[in-house]
Amino acid sequence: MEHPALGGYNGKVLRVDLTREKMTIEKTDEEFCTKYLGGAGFIAHYLLTEVNPGIDPLGPENKLIFALGPLTGIPLGGCARHTVGAKSPLNNGIAKSEVGEHWGSQLKRAGFDALIIEGKAKRPVYLYIHGGEAAIRDAHHLWGKNTKETRNPSGQNWGTARSGWP
């Protein structure tokens, strides 16, 4: 890809292979961003070009994709959106959902326009993304905990509103 990405895009996709415990950063360019626009367009591209139609949607060959649009993260109403997609176990087609809140903005601030998760981890892990860096970390200490305990495993009182990452 020759040209840099357009304004509103970081020009980077983070690909996480849980089976091999490897991560790669792929660059996108202006042509790719103009053609697929982000969000649902990015997801459709990756699923249609990389996922074999005959795979088990619940198997490790499927991909879970989080994709942002060019407006994700700007301080304007309705712009805290991102899209999540994969091959659907319900109809074997593309399933996608539009999501709000801060996660998409945080991924954009970390320097990525999309996150592609593929494969199957051998043990419980979580993905840590911050400041353009990413790591697959052991999650054994989080296994079996509820959502509140997982978000705050140390028991530290952060109150109801919290920005940034631990």
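Here is a short walk through some salt bridges in this predicted model.

**Getting set up.** There are ten salt bridges in the structure. We'll visit a few of them, beginning with one on the strands.

**Stop 1: Arg15 and Glu26.** Select both residues and show their side chains. They form a salt bridge, with the closest N and O atoms 2.5 Å apart. Now colour strand β1 (residues 12-17), which holds Arg15, and strand β2 (residues 22-27), which holds Glu26; the partners are eleven residues apart in sequence, so the bridge ties those two parts together. Switch on a surface if you like: Arg15 is buried, at 10% relative accessible area, while Glu26 is partly exposed, at 25%.

**Stop 2: Arg15 and Glu50.** Keep Arg15 selected and add Glu50. Here is another salt bridge, its closest N and O atoms 2.8 Å apart. This pair links distant parts of the chain, from Arg15 in strand β1 to Glu50 in helix α2 (residues 40-50), 35 residues apart. Glu50 is partly exposed, with a relative accessible area of 33%.

**Stop 3: widen the selection.** Which residues do salt bridges with shared partners join into one network? Add Lys63 and Glu118 to what you have: together with Arg15, Glu26 and Glu50 they make up that network.

**Stop 4: Lys108 and Asp113.** Clear the selection and pick these two. Lys108 and Asp113 form a salt bridge, and their closest N and O atoms are 3.8 Å apart. Are these residues buried or exposed? Both Lys108 and Asp113 are buried, so each has under 20% relative accessible area.

Conventions. Residues numbered from 1 in each chain as written. Predicted model: local features only at pLDDT ≥ 70, side-chain atom pairs only at ≥ 80, totals over all residues. Heavy atoms only, no water. Salt bridge = Lys/Arg side-chain N within 4 Å of Asp/Glu carboxyl O. Helix = DSSP H or I, 4+ residues; strand = E, 2+ residues; numbered from the N terminus. Buried < 20%, exposed > 50% of the residue type's maximum accessible area, 1.4 Å probe, protein only.
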